[in-house]
Amino acid sequence: MPYLIGLSLDEAKDRLEERGLDYDVDEEGVGEVVVESNWTVCDQWPYSGEQAGFVQIEVEHVCDDAD
């Protein structure tokens with residue numbers, strides 16, 4: 001699994017698609033994703049280095065480091 005945290009959503013999706021991985025985007029209820037480059041990956045499951053065929057990525061306009 002690639003490390004996606006901190007990438008824009010469009011960059012993260014490109015990396016996942018290059019590896020043939022399925023994904024789901026969770027925008028944490030802060031609005032619909034319209035321009036993918038304006039959204040940042042704040043969290044992912046599974047984490048980088050773990051084996052999986054599917055990844056859940058959480059995106060926000062600005063990540064809250066307090067979590």
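So, reading along the sequence, what we get is α-β-β-β. That's one helix and three strands, and keep in mind as I go that this is a predicted model. The protein has 67 residues, and buried ones make up 30% of them. If you look at contacts with a separation of 6 or more, 56% of those come from residues 24 or more positions apart.

Okay, the sheet. The three strands make an open sheet, and the order across it is 1-3-2, with mixed pairing. Strand 1, residues 22-26, and strand 2 are the edge strands; each has a single partner, so one side of each has no neighbour in the sheet. From one strand to the next, the twist averages 30°.

Now the pairings themselves. Strand 1 and strand 3 run parallel, and five bridges join them. Strand 2 and strand 3 are antiparallel, again with five bridges. If you want a spot to zoom in on, try E58 in strand 3: D26 stands opposite E58, and D43 stands opposite E58 too. Another pair to look at is W45, which stands opposite Q56 in strand 3.

So how enclosed is strand 3 by the rest of the structure? Largely, because five of its seven residues are buried. Strand 3 covers residues 54-60, and E60 is part of it. Now, E60 is a glutamate, but it counts as buried, because its relative accessibility is 17% and the cut-off for buried is under 20%. While you're there, find N38: E60 and N38 are 22 residues apart in sequence, and their C-alphas sit 8.7 Å apart in space.

On to the core. The largest nonpolar core has twelve residues: M1, L4, L7, L9, A12, L16, L21, W39, V41, V55, I57 and V59. Helix 1, which is 9-18, supplies at least two of these, and strand 3 also supplies at least two. As a general point, nonpolar side chains in soluble globular proteins tend to be buried together.

Next up is a polar residue I'd like you to click on, Q44. Q44 is found in strand 2. Buried or exposed? Q44 counts as buried, because its relative accessibility is 2%. What does Q44 touch, leaving out residues up to four places away in sequence? On that count, Q44 touches M1, P2, Y3, L4 and I5, and also V55, Q56 and I57. Its side chain has polar partners as well. A polar atom of the Q44 side chain lies 2.8 Å from the backbone nitrogen of L4. The Q44 side chain also reaches the backbone oxygen of P46, at 3.1 Å.

And P46 deserves a look of its own. P46 lies in the loop between strand 2 and strand 3. Which peptide bond is cis here? The one from W45 to P46, with omega near -5°. For background, most peptide bonds are trans. So when you're looking at that loop, you have the cis bond going into P46 and the Q44 side chain on the P46 backbone oxygen.

Last stop, the cysteines. How many disulfides does the count come to? One. C42 is joined to C63, with the sulfurs 2.0 Å apart. The pair ties together distant parts of the chain, 21 residues apart: C42 is in strand 2, residues 40-45, and C63 is in the segment after strand 3. The link between C42 and C63 is left-handed, at -95° about the S-S bond.

For anyone thinking about accessibility at that link, take the two ends one by one. C42 counts as buried, because its relative accessibility is 17%. C63 is partly exposed, because its relative accessible area is 27%.

To pull it together: you've got one helix and three strands, with the sheet in the order 1-3-2. Strand 3 is largely enclosed, Q44 is buried in strand 2 with L4 and P46 as side-chain polar partners, and a disulfide joins C42 to C63. That's my tour.

Definitions and conventions. Residues are numbered from 1 along each chain as its sequence is written. This is a predicted model: local features need pLDDT of at least 70, side-chain atom pairs count only at pLDDT 80 or more; totals for chains, interfaces and linings use all residues. Side-chain values use heavy atoms; hydrogens and water are left out. Helices (H or I, at least four residues) and strands (E, at least two) are DSSP runs, numbered from the N terminus. Buried means under 20% relative accessible area, exposed over 50%, partly exposed in between (1.4 Å probe, protein chains only). A disulfide is a pair of cysteine sulfur atoms within 2.5 Å. Two strands pair if DSSP finds at least two bridges between them. Axes are lines fitted to C-alpha atoms, for helices over the stretch in contact, and angles run from 0 to 180 degrees between N-to-C directions. A polar contact is a pair of N or O atoms within 3.5 Å; within protein, one must be able to donate a hydrogen and the other to accept it, and residues adjacent in sequence count only if both atoms are side-chain atoms. Contact means heavy atoms within 4.5 Å. A nonpolar core is a set of buried Ala, Val, Leu, Ile, Met, Phe, Trp, Tyr and Cys residues joined through side-chain atoms within 4.5 Å.
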